[in-house]
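I opened this model to look up its packing. My notes are below, in the order I made them.

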Amino acid sequence: MKIRPATTDDCHLIYEWSMDPVTRANGTRGDWHSLEDHTRWYAERLADPNTLIYIAEDKKWGPVGVIRYQRVRSGEPMWTGGPLARDDGPAEVSIIVAPGHRGRRFGRHILNLALPPKGWTHRIRALILPHNTASIRAFEYAGYDRAGEETRMGKDHLVYERAP
């Protein structure tokens, strides 16, 4: 598997993956959004030094997933539409395994291979919906430890963390 930085050329592919019904059901934000909104959000993320986005590519299958890290910074929203952070915190991770490639254990490999550069963050944090057992297994396999629970956008999440 090869990990590479995402580019503007990946915008439509990531949008398709993010709008998949299984992705929506397993994400904090289950709402649907337009390609126009996604394109604007994606351009902002690519330009943001507090965000890293990587594409995972398999030799046989091509692109199989995307992973995003977003550092929590004092005075900035903790997440899209969220409250302002009071101080610097960990980077939050979000991962999508492409529809059609789920169940092949790509998630655990992406989580282990696509890490932020050394010194970019002191901690990585994941929020996982309790019913998403595949993600729980992938994060645990990748060395994340259960660190508590959090309610975000009206949904209860399990919190997993690890050092980068």
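These entries cover the nonpolar cores, one helix and one strand residue.

**Entry 1: cores.** I am working from a predicted model. I looked up the largest nonpolar core first and found 24 residues in it. Ile67, Tyr69, Val93, Leu111 and Tyr144 have the most contacts inside it. I then listed the elements that give two or more residues to this core: strands S2 (51-58), S3 (62-71), S4 (91-97), S5 (124-128) and S7 (155-162), with helices H4 (106-113) and H5 (133-141). I also noted a second, separate core of ten residues, with Ala6, Trp17, Tyr42 and Ala98 among them.

**Entry 2: Leu111.** Which residues does Leu111 touch, leaving out those up to four places away in sequence? I found Ile67, Tyr69, Val93, Ile95, Ala138, Phe139, Ala142, Tyr144 and Arg162.

**Entry 3: helix H5.** I asked which residues of H5 are buried. They are Ser135, Ile136, Ala138 and Phe139. Looking down the helix axis, I see them within an arc of 165°, so they line one face of H5. Against what do they pack? I noted S4, H4, S5 and S7. Gly143 follows H5, and its phi is positive, near 90°.

**Entry 4: Ala147.** I placed Ala147 in strand S6, residues 145-152. Its relative accessible area is 46%, so I logged Ala147 as partly exposed. Leaving out residues up to four places away in sequence, Ala147 touches Val159, Tyr160 and Glu161. I also checked Leu127, 20 residues from Ala147 along the chain. Their C-alpha atoms are separated by 10.0 Å.

Notes:
Residues are numbered from 1 along each chain as its sequence is written. This is a predicted model: local features need pLDDT of at least 70, side-chain atom pairs count only at pLDDT 80 or more; totals for chains, interfaces and linings use all residues. Side-chain values use heavy atoms; hydrogens and water are left out. A nonpolar core is a set of buried Ala, Val, Leu, Ile, Met, Phe, Trp, Tyr and Cys residues joined through side-chain atoms within 4.5 Å. Buried means under 20% relative accessible area, exposed over 50%, partly exposed in between (1.4 Å probe, protein chains only). Helices (H or I, at least four residues) and strands (E, at least two) are DSSP runs, numbered from the N terminus. Contact means heavy atoms within 4.5 Å. The arc is that of the directions from the helix axis to the C-beta atoms.
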